[in-house]
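I am opening a notebook on a structure that is new to me. The entries below record what I looked up, in the order I looked.

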Amino acid sequence: MKSKKVFVFLMVSIVLLSATVLPASALSAEFSATADYSTLKVGDVFKVRVTVNNIQTEEGLILAQFKLYFDSTCLRLVEWNTNKPEAWGDGFEEIAAPKPSEDNPDELYLYVAFMYSEKETGKGITEDGILYTDITFEVLSEAADGTVLRIDDTDVMDDGNQFVSCNTLEIKINFDGAEITNVDIAKEKKINNIVLKTAIGVIAVLIVVVGAVFIGRHIKKSV
């Protein structure tokens with residue numbers, strides 16, 4: 001009977017170890033951005049489109065969110081519009097509002113989150129270019145030449161309720177054209193996740209070994 005308990009303990013421990021070490025099912029996506037101007041001057045308006053591409057999930061995405069940071073002393077946020085996927089119908093829901101940055105009083109960020117909010121499944125988006133938001137800015141001063149927009153805290157969730165963080169983007173608004181840089185902090189996050197999983201795995205192995213030794217000794221004492 002005690003041998004059976006040892007066997008059950010070890011099997012449960014192995015299952016828990018596998019759950020911590022083995023990766024979850026693949027879900028990834030990438031945020032991209034475009035700026036639709038060739039030249040700018042004070043008083044002009046321009047549009048930035050933030051799009052979800054390279055979607056990797058069979059379930060399809062039902063949520064996308066991001067924050068776009070900008071310098072409010074040289075740019076004015078005019079409006080924003082998020083594309084409503086046809087498949088989501090009346091289940092489309094959006095939360096969007098400009099807010100002040102905690103670190104810099106002159107910096108604002110537009111928080112955008114849009115999702116399919118109904119319970120019906122099978123509404124996930126798998127096609128690139130469907131999930132996007134257009135944001136329009138007005139140039140307030142010459143200081144806007146060289147200012148940087150930052151798209152951060154990018155996340156998506158699929159129809160299987162898997163949630164993952166994505167990349168960060170920087171858009172340098174030069175008056176003679178925009179420069180867009182993909183700051184792939186997602187790689188750093190993946191490395192941190194691997195380190196964390198490895199640490200958990202090592203701890204799980206130690207628990208299995210120590211537990212097995214303890215139970216083995218207990219059985220010997222009982223015989």
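**Surface.** How much area does the protein expose, and what share of it do carbon and sulfur atoms supply? I found about 13100 Å² exposed, with 56% supplied by carbon and sulfur atoms. I then looked up burial: of the 223 residues, 37% count as buried.

**Confidence.** I note that this is a predicted model. The pLDDT averages 83 over the protein, and 71% of the residues score at least 70. I looked for weak stretches and found that residues 6-10 stay under 50. The model has nine contacts for residues 6-10 beyond four places in sequence. Residues 14-24 also have a pLDDT below 50, and this stretch has twelve contacts in the model beyond near neighbours in sequence.

**Elements.** I counted two helices and eleven strands. Along the sequence I read the pattern α-β-β-β-β-β-β-β-β-β-β-β-α. I also checked how far apart in sequence the contacting residues are. Among contacts between residues at least 6 apart, 72% join residues at least 24 apart.

**A sheet of four strands.** In what order do the strands of the open sheet of four stand? I read the order as 1-2-7-4, and the pairing is antiparallel. Strand 1 (28-35) and strand 4 (75-82) are at the edges. Each has a single partner strand, so one side of each has no neighbour in the sheet. From one strand to the next, the twist averages 20°.

I followed strand 4 to its partner. Seven bridges join strand 4 to strand 7, residues 132-139, and the two run antiparallel. At one position I found Thr82 opposite Thr133 in strand 7.

**Cysteines.** How many disulfides does the structure hold? I found zero. For my own reference, a disulfide is a covalent bond between the sulfur atoms of two cysteines. I looked up the accessibility of two cysteines as well. Cys74 has 1% relative accessibility and Cys166 has 2%; because buried means under 20%, both count as buried.

**Thr147.** Is Thr147 buried or exposed? Its relative accessible area is 9%, so I entered Thr147 as buried. Thr147 lies in strand 8, which covers residues 147-158. Which residues does Thr147 contact, leaving aside neighbours within four places in sequence? I listed Asp71, Cys74, Leu75, Ile171, Lys172 and Ile173. One of these contacts, Cys74, is the buried cysteine I had entered above.

Note on methods: Residues are numbered from 1 along each chain as its sequence is written. This is a predicted model: local features need pLDDT of at least 70, side-chain atom pairs count only at pLDDT 80 or more; totals for chains, interfaces and linings use all residues. Side-chain values use heavy atoms; hydrogens and water are left out. pLDDT is the predictor's confidence in each residue, from 0 to 100. Contact means heavy atoms within 4.5 Å. Two strands pair if DSSP finds at least two bridges between them. Axes are lines fitted to C-alpha atoms, for helices over the stretch in contact, and angles run from 0 to 180 degrees between N-to-C directions. A disulfide is a pair of cysteine sulfur atoms within 2.5 Å. Buried means under 20% relative accessible area, exposed over 50%, partly exposed in between (1.4 Å probe, protein chains only). Accessible areas come from the Shrake-Rupley method with a 1.4 Å probe; for residues, only the protein chains shown count as cover.
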